[in-house]
Amino acid sequence: MAYKWSWSFGSESAALLQSDMGWAFDNTSSNAFEPRTTEQYKPNGGPTKYSMACDVDEWMQIPSAATAGMSQGVISVAVKTLIPTFSSSYEMIEVIGTVGGTGGNIELFLTTSGAIRLYVGGAFKATAAVATDFTSWRFISLHFDMSADPWKGRVVVDGVEVISEFTDTTAVDTVAQVRFRSLVISDRAWYNGQIIVQDAYAD
């Protein structure tokens, strides 16, 4: 497994990321996305870092070049909130195939208590046995494989598998977009830190 793309947020606004750096946002207002230093994903003693504070159900999409030609891999993101009041209606991580729509995605949702739910090929597969405490930084990794029928997906949190592999009968596809959403029902209270894209499903 190789690292294909990585991103650590800086002071760039959503508007600048979209206009100059290949990102896409459903809302570039600072009322929806705001780079902040109040919550920093970094080692102790490290330099000041930014994270992107996100409003509920607002999505951000990484540059298409980050996943160009990929049909399998791992999408990882560091996330945190100080207000663990979750919506179960929105995707935390969404890997969208070129076909898109129902049956064209591999996705992670949360329960209202913070347990991760996995969908493969648009179909619900499993809920993690234990809710994740998102009031500390968590590194969430969605392993996905659209390169063969059936598709595969599994979930790792902080290096520990929380949902084992599940499959769904879906036609071979490649990645069109990868999106992240805030699931916290509060104003810009969900923080995204570093994002990493790896190019193979297996560890």
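Let's start with the aromatic cluster: ring pairs join Trp5, Trp7, Phe9, Trp23, Phe25 and Phe33. Please keep in mind that we are looking at a predicted model. In the structure as a whole there are 13 aromatic pairs. Take Trp7 and Trp23: their ring centres are 5.3 Å apart and their planes meet at 65°, so this pair is edge-to-face. It also links distant parts of the chain, with Trp7 in strand E1 (residues 3–7) and Trp23 in the loop between helix H1 (14–20) and E2, 16 residues apart. Are these two residues buried or exposed? Trp7 counts as buried, at 19% relative accessibility, and since the cut-off for buried is under 20%, you may want to keep that value in mind. Trp23 is buried with a relative accessible area of 2%.

Trp23 brings us to the nonpolar core. The largest one has 48 residues, and Trp23, Met92, Ile116 and Ile140 are those with the most contacts inside it. What does Ile116 touch, once we leave aside its neighbours within four places in sequence? Its contacts include Met92 and Ile140, along with Leu108, Phe109, Leu110, Val155, Val157 and Ile163. Ala126, Thr127, Ala128 and Thr132 are in contact with Ile116 too.

Ile116 also gives us a way into the sheet, since strand E9 covers residues 116–120. The sheet is open and has 7 strands, in the order E2-E5-E14-E7-E8-E9-E10, with antiparallel pairing. At its edges are strand E2 (24–25) and strand E10 (123–127), each of which pairs on one side only. As a quick reminder, strands of a sheet pair through backbone hydrogen bonds, either parallel or antiparallel. E9 and E10 pair in the antiparallel sense over 4 bridges, and there you can find Val120 opposite Ala123 of E10.

Now for the charges. How many salt bridges does a search of the whole structure find? The search finds 12. One of them joins Glu91 and Arg181, with the closest N and O atoms 2.8 Å apart. Glu91 is in the loop between strand E6 (72–81) and strand E7 (93–97), while Arg181 is in strand E14 (residues 175–181), so this pair ties together parts that are 90 residues apart in sequence. Both Glu91 and Arg181 are buried.

Next, Lys125 and Asp168 form a salt bridge whose closest N and O atoms are 2.9 Å apart. Here too distant parts of the chain are linked: Lys125 sits in strand E10 and Asp168 in strand E13 (residues 160–168), 43 residues apart. Lys125 counts as partly exposed, at 22% relative accessibility, whereas Asp168 is buried, with a relative accessible area of 16%.

The bridge between Lys152 and Asp145 has its closest N and O atoms 3.7 Å apart. Lys152 is partly exposed at 24% relative accessible area, and Asp145 is buried at 8%. Beyond single pairs, there is a network of salt bridges linking Glu34, Arg36, Asp187 and Arg188.

Finally, two arginines to look at beside rings. Arg179 lies over the face of Trp59, 3.8 Å from the ring centre. For Arg154, the charged end sits over the ring of Tyr201, 6.0 Å from its centre. The cut-off for such a contact is within 6 Å, so do check that value when you open the model. That's my tour, and I'm happy to take questions.

Notes: Residues numbered from 1 in each chain as written. Predicted model: local features only at pLDDT ≥ 70, side-chain atom pairs only at ≥ 80, totals over all residues. Heavy atoms only, no water. Pairing = 2+ DSSP bridges. Helix = DSSP H or I, 4+ residues; strand = E, 2+ residues; numbered from the N terminus. Salt bridge = Lys/Arg side-chain N within 4 Å of Asp/Glu carboxyl O. Buried < 20%, exposed > 50% of the residue type's maximum accessible area, 1.4 Å probe, protein only. Core = buried A, V, L, I, M, F, W, Y, C linked by side-chain atoms within 4.5 Å. Contact = heavy atoms within 4.5 Å. Phe/Tyr/Trp six-rings, centres within 6.5 Å; stacked < 30°, edge-to-face > 60°. Lys NZ or Arg CZ within 6 Å of the ring centre and 35° of its normal.
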